[in-house]
Protein chains: 2
Amino acid sequence: MNMQTRTPPSSPADNGYGFSDRIQRQLEHAAHLCAGQGGRMTPQRRDVLGLILTATTPVGAYDLLEQLKTSGRKPAPPTVYRALDFLLEHGLIHRIERLSAFVPCTHLQQDHPHDHSHGPAENCLHSAQFLICRSCGGVTEIADAPRVLDVLKSICGKKNFTMQSASVEVEGVCEDCAPASRGQKGPAPAPN
Amino acid sequence: MNMQTRTPPSSPADNGYGFSDRIQRQLEHAAHLCAGQGGRMTPQRRDVLGLILTATTPVGAYDLLEQLKTSGRKPAPPTVYRALDFLLEHGLIHRIERLSAFVPCTHLQQDHPHDHSHGPAENCLHSAQFLICRSCGGVTEIADAPRVLDVLKSICGKKNFTMQSASVEVEGVCEDCAPASRGQKGPAPAPN
DNA sequence: AGAATTGATGTAATATTATTACATATCATT
DNA sequence: AATGATATGTAATAATATTACATCAATTCT
């Protein structure tokens, strides 16, 4: 009832999670982005996004819940799900359906200091493509998306189907985990 | 402990669900297919597949469970999930991740009397593409798949990612539900 | 400033989807 | 009939997600 006293999102004061400078920059960027769309980056939402940005693999809602509990607060599921909904709606994170887990949208990851150049929610339809590694659990968002999307658009066009969102999830084994086909590493023995 | 007395899958005796002739033919076809892969189409699996084939929209595991209960048996979740796993592994159904629900694979739907021509599980990697209508809940499997798949394969190739399965789920509004853009029907007023 | 409105959060309970672990039964062969 | 593999029954529980309602904070209007 005292450290809760509203600090603007950009302040370091409400960062009880030791987010790195890099992630704090990404959080500020995100705050600017959703401010531009009339959204408010509250501490809750900021914390959830920060935790997702920090993780190296997709994070589940209840993982987030656990992590949030460590910080004095004792949130319940709706707290997390509401934050996730907000972040999804503003195009700051994606949900990996196969994993029931969440990853940051790439456009937050690739360090630009802070430009307000694109509007992820309004103009572009919600769509994303992922490569999911069964061995390391890592997820890569495919930047090469337009090609996939174009094909899908053309198919939908033919069928008079109005596309509102689309997700592509490819599951397999990533380069790093591939069992030494050309003298690389080899953490995973036999995927399936 | 008595009506359970094993009847071969093709017998009408274990059909307590009034499956139509058409679906019974599809079930036989499916039985042949998975027999060819060394799988056994047991009554449980047959019933689950029949129910999925009968439905016009994706069916959830617990829906299936309810329906199975009506027939004297009182199955528990594992019964259904095991049947679903089997049907998935043999390429007879697909899981729609966004809906946590299941649909038949199209190659069962398009009435061929019974040819044993293709092997859905061994050679082809597990992949499917769907158009999901938010208005009517209908799901269409995209037959046009190769194009999408080719793009994905090429992307994976570039990244040295070994694709094992892939799913594409496009959500939107289908032709029939589109609010009369050219004097069609118009069951759904305003999707989102 | 005070009242009204909207948006965000807290909280408890519950719903939905899925799995684990272990016992039992059935099938295919020897 | 005995065996080993496959399939099913059963109870308990785990993991994910939502509902409903109370409260609190920010914004706007007068």
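Start with A:Arg46. This residue of the predicted model sits in helix 2 of chain A, which covers residues 43-54. Buried or exposed? A:Arg46 is buried, because its relative accessibility is 3% and anything under 20% counts as buried. Now add A:Leu27 to the selection. The two residues are 19 places apart in sequence. Measure from C-alpha to C-alpha and you should read 6.8 Å.

**Across to helix 2 of chain B**

Select B:Asp47. You are in helix 2 again, this time in chain B. B:Asp47 has a relative accessibility of 1%, so this residue counts as buried too. What does its side chain meet? Show B:Arg73 as sticks. A polar contact of 2.6 Å links the side chains of B:Asp47 and B:Arg73.

**DNA strand D**

Stay with helix 2 of chain B and bring up DNA strand D. Helix 2 (43-54) of chain B supplies at least two residues of the surface near this strand. Helix 4 (77-89) of chain B does likewise, and so does helix 4 (77-89) of chain A. Colour these three elements and keep them on screen.

How many residues surround DNA strand D? The count is 17. The closest come from both chains: A:Tyr62 and A:Arg95 on one side of the list, B:Thr42, B:Gln44 and B:Arg82 on the other. Colour the surface by residue class. You will find six nonpolar, five polar and six charged residues. Now look at the strand itself. Of its atoms that come within 4 Å of the protein, 50% belong to sugar and phosphate.

Next, zoom in on the phosphate oxygens. Three residues of chain B are worth a stop:

- B:Thr42 has a polar side-chain atom 2.7 Å from a phosphate oxygen of DNA strand D.
- B:Gln44 places a side-chain N or O atom 2.9 Å from a phosphate oxygen of the strand.
- B:Arg45 has a polar side-chain atom 3.2 Å from a phosphate oxygen of DNA strand D.

**The whole of chain A**

Zoom out and show chain A as a cartoon. Six helices and five strands appear. Trace them along the sequence and the order is α-α-α-α-β-β-α-β-β-α-β. The chain has 192 residues, and 46% of them count as buried. Switch to a surface view. Chain A exposes about 9,800 Å², with carbon and sulfur atoms supplying 53% of that area.

How do its contacts run along the sequence? Take the contacts between residues at least 6 apart in chain A. Of these, 60% join residues at least 24 apart.

For a place to look, select A:Val173 in strand 5 of chain A. A:Val173 is buried, with a relative accessible area of 2%. Add A:Gly138, which lies 35 residues away in sequence. The C-alpha atoms of A:Val173 and A:Gly138 are 9.5 Å apart.

**Two copies, one axis**

Show chains A and B together. Two copies of a chain are related by a rotation about an axis and a shift along it. Here the rotation is 180° and the shift is 0.0 Å, and chain A superposes on chain B with an RMSD of 0.0 Å. The two copies are thus related as by a two-fold rotation axis.

Which residue of chain A comes closest to the axis? Select A:Val168: its C-alpha lies 2.2 Å from the axis. Then colour the interface. Of the interface residues of chain A, 100% are also interface residues in chain B, so the copies meet through the same surface.

For one pairing across the chains, pick B:Lys158 in helix 6 (residues 145-158) of chain B. B:Lys158 is exposed, with a relative accessible area of 61%. Apart from neighbours within four places in sequence, B:Lys158 is in contact with A:Asp144 and A:Arg147.

**Two loops to finish**

Go back to chain A and select A:Asn160. This residue is in the loop between helix 6 (145-158) and strand 5 (162-173). Check its backbone. A:Asn160 is not a glycine, but its phi is positive, at about 55°. A:Asn160 is partly exposed, at 34% relative accessible area.

Last stop: B:Ser100. Look in the loop between strand 1 (93-96) and strand 2 (101-104) of chain B. B:Ser100 also has a positive phi, about 45°, although it is not a glycine. Its relative accessible area is 42%, so B:Ser100 counts as partly exposed.

Terms used:
Residues numbered from 1 in each chain as written. Chains lettered and ligands numbered in written order. Predicted model: local features only at pLDDT ≥ 70, side-chain atom pairs only at ≥ 80, totals over all residues. Heavy atoms only, no water. Helix = DSSP H or I, 4+ residues; strand = E, 2+ residues; numbered from the N terminus. Buried < 20%, exposed > 50% of the residue type's maximum accessible area, 1.4 Å probe, protein only. Contact = heavy atoms within 4.5 Å. Areas by Shrake-Rupley, 256 points an atom, 1.4 Å probe, with all protein chains shown as cover. Least-squares fit on C-alpha atoms with pLDDT ≥ 70 in both. Near = heavy atom within 4 Å. Polar contact = N/O pair within 3.5 Å; in protein donor to acceptor, adjacent residues only side chain to side chain. Nonpolar A, V, L, I, M, F, W, Y, C, P; charged D, E, K, R; others polar.
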